Amino acid sequence: MRRFALTVALPKGRMFREAYEVLKRAGLDLPEVEGGRTLLHGKEGGVALLELRNKDVPVYVDLGIAEIGVVGKDVLLDSGRDLFEPVDLGFGACRLSLIRRPGDTGPIRRIATKYPNFTARLLKERGWAADVVELSGNIELAAVTGLADAVVDVVQTGATLRAAGLVEVEVLAHSTARLVVNRQALKLKREVLKPLIQRLRELSGS
């Protein structure tokens, strides 16, 4: 097992490049990312970079495989992981919303979502008796086809909803990219993490 000075977990996809660049601007000596199929970047003794599925970032940080990570607040709301969340990085803005077909006003008996834990808490808080169906593909299709009476999903511009003929009924939460830190690492690697957190706060204005 290779040993690194610091291991950083970043989500693959759109958020990866912005997260990479802001960490570089904050002074973190990140390894070069060559592309291809390599998902662990870095040399022994330096900073390692993990490219993960979005939902896996909180798991790797919480269990101490990575000391820090960057992930959307929407994922954190669903993960239930006990992570220190010191900086709102400000990019990747979107919202978690309740979505239905136009004119649908009847009771919601089934909700489809990629965020089952968040949705289950919502139902409990509101006293709604509905089943939660977890999907990983195109969530809007569940409402279009009648698989579900409503969906809970991420909305950015709303263009996808309009194209599917759906409407955003209610914004449930707002989301941006967050720095997350393993609580034990915060103590053990304080000399590295404290100035990094401060610099990221300055860059993000948070």
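Colleague: Which residue of strand 9 stands opposite A112?
Modeller: This is a predicted model, in which local features need pLDDT of at least 70, side-chain atom pairs count only at pLDDT 80 or more, and totals for chains, interfaces and linings use all residues. Residues are numbered from 1 along each chain as its sequence is written, and side-chain values use heavy atoms, without hydrogens and water. Strand 7 (residues 110-113) pairs with strand 9 in the parallel sense over three bridges. Opposite A112, strand 9 places V151.

Colleague: In what order do the strands of the open sheet lie?
Modeller: Strands are DSSP runs of E with at least two residues, helices runs of H or I with at least four, numbered from the N terminus; two strands pair if DSSP finds at least two bridges between them. The open sheet has five strands and its pairing is mixed. Strand 8 (131-134) and strand 10 (167-175) are the edges, since each pairs on one side only. The order is 8-7-9-6-10.

Colleague: Which residue is the bridge partner of L10 in strand 3?
Modeller: L10 belongs to the side of strand 1 that also holds L6 and V8. Strand 1 (residues 6-11) pairs with strand 3 (residues 47-52) in the parallel sense, over six bridges. In strand 3, the partner of L10 is E51.

Colleague: Which residue of strand 4 stands opposite A9?
Modeller: A9 lies with T7 and P11 on one side of strand 1. Strand 1 runs parallel to strand 4 (residues 68-72), and two bridges join them. The residue of strand 4 opposite A9 is G69.

Colleague: How many of the residues of strand 1 are buried?
Modeller: In a regular strand, side chains alternate between the two faces of the sheet. In strand 1, L6, V8 and L10 on one side are buried (under 20% relative accessible area, with a 1.4 Å probe and protein chains only). T7, A9 and P11 on the other side are buried too, and both faces are covered. The number of buried residues in strand 1 is therefore six of six.

Colleague: Which element gives the most to the largest nonpolar core?
Modeller: A nonpolar core is a set of buried Ala, Val, Leu, Ile, Met, Phe, Trp, Tyr and Cys residues joined through side-chain atoms within 4.5 Å. The largest one has 27 residues, and those with the most contacts inside it include V8 and L10, along with L23, L28, I68, V70 and L200. At least two residues each come from strand 1, helix 1, strand 3, strand 4, strand 11 (177-181) and helix 8 (190-204). With six residues, the element that gives the most is helix 1.

Conventions: Buried means under 20% relative accessible area, exposed over 50%, partly exposed in between (1.4 Å probe, protein chains only).
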